[in-house]
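Trainee: Hi! Could you walk me through this one?
Mentor: Happy to, here it is.

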Amino acid sequence: MVVTIDLNKRQHQILEIVKENGPITGEHIAERLNLTRATLRPDLAILTMAGFLDARPRVGYFYTGKTKTQLLTDNLKEIYVKDHQSVPVVVSESASVYDAICTIFLEDIGTLFVVDEASCLVGVLSRKDLLRAALGKQELSSIPVHIIMTRMPNITVCEKEDLLIDVATKLIDKQIDAVPIVKRKADGYEVIGRITKTNITKAFVALANEDL
Ligand code: ADP
């Protein structure tokens, strides 16, 4: 679960009590605040979910000592590709550069994935790949995309169970804008989704706006 860390006054009081007295039972925290255990339950749940406190049965609550940065890092490690993916747009390797340019405009995307007759991933086409081809003197409808694409095995891919932060790292390291989400098949990779810089930016904004 992804949480942001914006605690209210009572939650801060609870943290101070647990920091000084932990491990301490919910009952004893409630006594110190002159509240009932039931009143405190949501606050304790929030503090535990957010990672500030941990609870052990029959022992009570204790302070985890995690900084906000550590908690944010923990949260980043719970954001998966499968929850932020987009639909992939693919073209056949025999499609022309002209068709690919039309597809990029029609689908309003920046990167196309190229597949063979068995629907296996064979290439990637970026905007600049297409622009470069368009600079030449050749007729664009007569150049097949497989001539200009970046091809396997040089394609960076990810899987739906991967962490989004790991895909973000790949985008930076390889200086690319998108990766296909793939599923392994006997004869190659099936393209099942797409992660782009936009997906990662949206996830980043969602993380900042997430409420408990
Ligand atoms: P642009 O060319 O529009 O700046 P990118 O930065 O994504 O877009 O692409 C840069 C180069 O990297 C292009 O030649 C493209 O074919 C290639 N490329 C794009 N995505 C991938 C990927 N997932 N794996 C390997 N190469 C890629």
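Mentor: One term up front: helices (H or I, at least four residues) and strands (E, at least two) are DSSP runs, numbered from the N terminus. This is a predicted model, where local features need pLDDT of at least 70, side-chain atom pairs count only at pLDDT 80 or more, and totals for chains, interfaces and linings use all residues. Residues are numbered from 1 along each chain as its sequence is written, and side-chain values use heavy atoms, with hydrogens and water left out.

Trainee: Which residues does UniProt list for "domain: CBS"?
Mentor: The unreviewed UniProt entry gives 84–142 and 149–212. Such positions are in the numbering used here, feature names are shortened, and annotations may be inferred rather than shown by experiment.

Trainee: And what is the span 84–142 made of?
Mentor: Residues 84–142 are 34% helix and 24% strand, and their end C-alpha atoms lie 36 Å apart.

Trainee: Switching to the ligand: which residues come nearest?
Mentor: S126, D129, T150, T156 and D177, out of 15 residues around the ligand. Being near takes a heavy atom within 4 Å.

Trainee: Which elements supply at least two residues of that shell?
Mentor: β5 (121–126), α6 (127–135) and β7 (178–185) each do.

Trainee: What polar contacts are there?
Mentor: I'm counting pairs of N or O atoms within 3.5 Å. A polar side-chain atom of D129 is 2.4 Å from a ligand oxygen, and an N or O atom in the side chain of T150 lies 2.6 Å from an oxygen atom of the ligand. A polar backbone atom of A178 is 3.0 Å from a ligand nitrogen.

Trainee: How much of the ligand's accessible area does the protein cover?
Mentor: 84% of the 540 Å² that the ligand has on its own, by the Shrake-Rupley method with a 1.4 Å probe.

Trainee: Any odd backbone spots?
Mentor: Most residues other than glycine have a negative phi, and most peptide bonds are trans. Here, G22 and P23 are joined by a cis peptide bond with omega about 0 degrees, and P23 is in the loop between α1 (9–21) and α2 (26–32). The bond from M152 to P153 is also cis, with omega near 5 degrees.

Trainee: Where does N34 lie?
Mentor: In the loop between α2 and α3 (37–49). N34 is not a glycine, yet has a positive phi of about 55 degrees.

Note on methods: Polar contact = N/O pair within 3.5 Å; in protein donor to acceptor, adjacent residues only side chain to side chain.
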